[in-house]
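User: I would like to go through this model with you and ask, for each label attached to it, what justifies the label.

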Amino acid sequence: MRYLMTTRPTDAPPPDDLHVEMAKFVQELTEAGVLLATGGLEPGGVRVTSSGSEITVTDGPFAETKESVAGFALVEVASKEEAIELARRFRAIVGDGESVVQQVFGP
């Protein structure tokens with residue numbers, strides 16, 4: 001099963017050893033064949049909305065930045081519990097904040 005794990009931005013300073021510990025974590029998941037993709041996202045982005053035949057494009061940043069996504073990881077694991085455990089390990093490395101785990105449907 002594939003899961004998309006996203007993390008929201010935070011004002012908390014990153015732990016001093018963040019880059020070292022995150023590199024180890026990413027290497028471990030990559031070598032295990034679990035990590036399919038990962039990356040950080042620009043803070044603003046562009047919002048595209050539709051209402052009937054009208055399409056509106058709005059440049060960011062947006063007022064509710066706490067609801068935006070700062071980064072993601074796409075993983076392939078055997079169960080939801082395994083995805084949650086990976087998210088727990090990620091949060092332990094990066095510190096305070098919020099992540100969301102969602103199953104990805106499709107091939």
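Analyst: What follows takes a few labels in turn and sets values against definitions, bearing in mind that this is a predicted model.

User: Why is Thr 7 called buried?

Analyst: Buried requires under 20% relative accessible area, and Thr 7, which lies in strand 1, has a relative accessibility of 14%, so Thr 7 counts as buried.

User: What makes the approach of the side chain of Thr 7 to the backbone oxygen of Glu 98 a polar contact?

Analyst: The side chain of Thr 7 reaches the backbone oxygen of Glu 98 at 3.3 Å, and the cut-off for a pair of N or O atoms is 3.5 Å, with one able to donate a hydrogen and the other to accept it, so the pair qualifies. Glu 98 is also among the residues in contact with Thr 7 once neighbours within four places in sequence are left aside, together with Ser 68, Val 69, Ala 70, Gly 71, Phe 90, Arg 91 and Ser 99.

User: Why is Gly 52 called exposed?

Analyst: Exposed means over 50% relative accessible area, and Gly 52, found in the loop between strand 3 (46-51) and strand 4 (54-59), has 78% relative accessibility and therefore counts as exposed. As for its position, the C-alpha atom of Gly 52 is separated by 41 Å from that of Arg 88, which is 36 residues apart from Gly 52 along the chain.

User: Which residues have the most contacts inside the largest nonpolar core, and which elements supply it?

Analyst: The largest nonpolar core has 16 residues, and those with the most contacts inside it are Met 5, Met 22, Phe 25, Val 75, Val 77, Leu 86 and Ile 93. At least two residues of this core come from each of strand 1 (2-7), helix 1 (18-31), strand 5 (71-76) and helix 2 (80-94), and helix 2 supplies the largest share, 5 residues. Such a grouping accords with the tendency of nonpolar side chains to be buried together in soluble globular proteins. Val 75 touches, among residues beyond four places away in sequence, Met 5 and Leu 86.

User: What makes up the lining of the largest pocket?

Analyst: The largest pocket, with a volume of about 560 Å³, is lined by 30 residues, of which Thr 7, Met 22, Gly 71, Phe 90 and Val 94 lie nearest its centre. Helix 1 gives the most to this lining, with 6 residues, and the lining residues divide into 18 nonpolar, 9 polar and 3 charged.

Conventions: Residues numbered from 1 in each chain as written. Predicted model: local features only at pLDDT ≥ 70, side-chain atom pairs only at ≥ 80, totals over all residues. Heavy atoms only, no water. Core = buried A, V, L, I, M, F, W, Y, C linked by side-chain atoms within 4.5 Å. Buried < 20%, exposed > 50% of the residue type's maximum accessible area, 1.4 Å probe, protein only. Helix = DSSP H or I, 4+ residues; strand = E, 2+ residues; numbered from the N terminus. Contact = heavy atoms within 4.5 Å. 1 Å grid on protein atoms, 1.4 Å probe; cavity = no way out; pocket = protein on both sides within 12 Å on 5 of 7 lines; lining within 4 Å. Points joined across faces, edges and corners; volume = space filled by probe spheres on them. Nonpolar A, V, L, I, M, F, W, Y, C, P; charged D, E, K, R; others polar.
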